[in-house]
Amino acid sequence: MEWSIKTYDELTKDELYEILKKRIDVFVVEQNCPYDEIDNRDKDSYHIFFKKDKDIIAYLRVLEPGISFEDVSIGRVLVDKNQRGNGLAIEMMDKAIDFIINNLRYDIIRISAQEYLISFYENLGFKKVSNVYLEDDIPHVEMVYQNYKK
């Protein structure tokens, strides 16, 4: 079991396939939300994921400023439905925040969070900065994390 942080070019074909399959399983099938999953942003992203045996069971992507927002952002946060509730999402988000602050050297992180996850992200230090809006017919809010430890 191990965490990985890779650019698009560093991903193996099997890792990319597994990532795209997991994202479709969660965001399209599980949430019953047909949308354009392959959005041309993966090539310009960092991919953080956790493998158990050969299966990716937790994943997110980090997008450089100017791709989704003016600030660096985190998106496509998921944990395999059979692995939820064991702290993987918190551990993964902590890794992403640490990577962004200490490796990429950004102090502000912006996300588009599903409304039902507001308290999850608030517990990680994110603050709600927008009203609720629909993204692919799912209620979302924009949230921001500010690193004050300089």
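**Notebook: strands, a pocket and two positive phi values**

I began with the hairpin that β2 and β3 form, which has two residues between its strands, and I noted that D53 in the turn has a positive phi of about 60 degrees. I take helices (H or I, at least four residues) and strands (E, at least two) as DSSP runs, numbered from the N terminus, and I say that two strands pair if DSSP finds at least two bridges between them.

Before going on I wrote down that this is a predicted model, in which local features need pLDDT of at least 70 and side-chain atom pairs count only at pLDDT 80 or more, while totals for chains, interfaces and linings use all residues. Residues are numbered from 1 along each chain as its sequence is written, and side-chain values use heavy atoms, with hydrogens and water left out.

**Entry on the hairpin and β3**

I looked up how β2 (45-52) and β3 are joined, and found that they run antiparallel with eight bridges, I48 standing opposite L60 in β3. D53 lies in the loop between β2 and β3, and this residue is exposed, with a relative accessible area of 71%; here buried means under 20% relative accessible area, exposed over 50%, and partly exposed in between (1.4 Å probe, protein chains only). Is β3 itself mostly covered or mostly uncovered? I found that eight of the nine residues of β3 are buried, so that I call the strand mostly covered.

**Entry on D136 and R41**

I then turned to D136, in the loop between β7 and β8, where phi is near 55 degrees, a positive value in a residue other than glycine. D136 is partly exposed, with a relative accessible area of 41%. R41, in the loop between α1 and β2, is also in the partly exposed class, with a relative accessible area of 31%. Which residues does R41 touch, leaving out those up to four places away in sequence? I listed R61, L63, I67 and S68, where contact means heavy atoms within 4.5 Å. The C-alpha atoms of R41 and V62 are separated by 9.9 Å, and these residues are 21 apart along the chain.

**Entry on the strands from β3 to β8**

I followed the pairing onward and saw that β3 and β4 are antiparallel over five bridges, with I74 in β4 as the bridge partner of V62. β4 (residues 72-79) and β5, in contrast, pair in the parallel sense over two bridges, and V72 stands opposite I109 in β5. From β4 the chain crosses through helix α2 (residues 88-104) to β5, a right-handed β-α-β crossover, a term that applies if, with the strands pointing away from the viewer, the path from the first strand over the helix to the second runs clockwise. On its other pairing, β5 joins β8 (residues 138-146) in the antiparallel sense over seven bridges, and M143 in β8 is the bridge partner of I111. Five of the seven residues of β5 (residues 108-114) are buried.

**Entry on the lining of the pocket**

Last, I asked which strand or helix gives the most to the lining of the largest pocket. My note is that β4 does, with seven residues. The lining divides into 22 nonpolar, 11 polar and nine charged residues, where Ala, Val, Leu, Ile, Met, Phe, Trp, Tyr, Cys and Pro count as nonpolar, Asp, Glu, Lys and Arg as charged, and the others, Gly among them, as polar. A pocket is, on a 1 Å grid over the protein atoms alone, an open set of points where a 1.4 Å probe fits, with protein on both sides within 12 Å along at least five of seven lines, and lining residues have an atom within 4 Å of a point.
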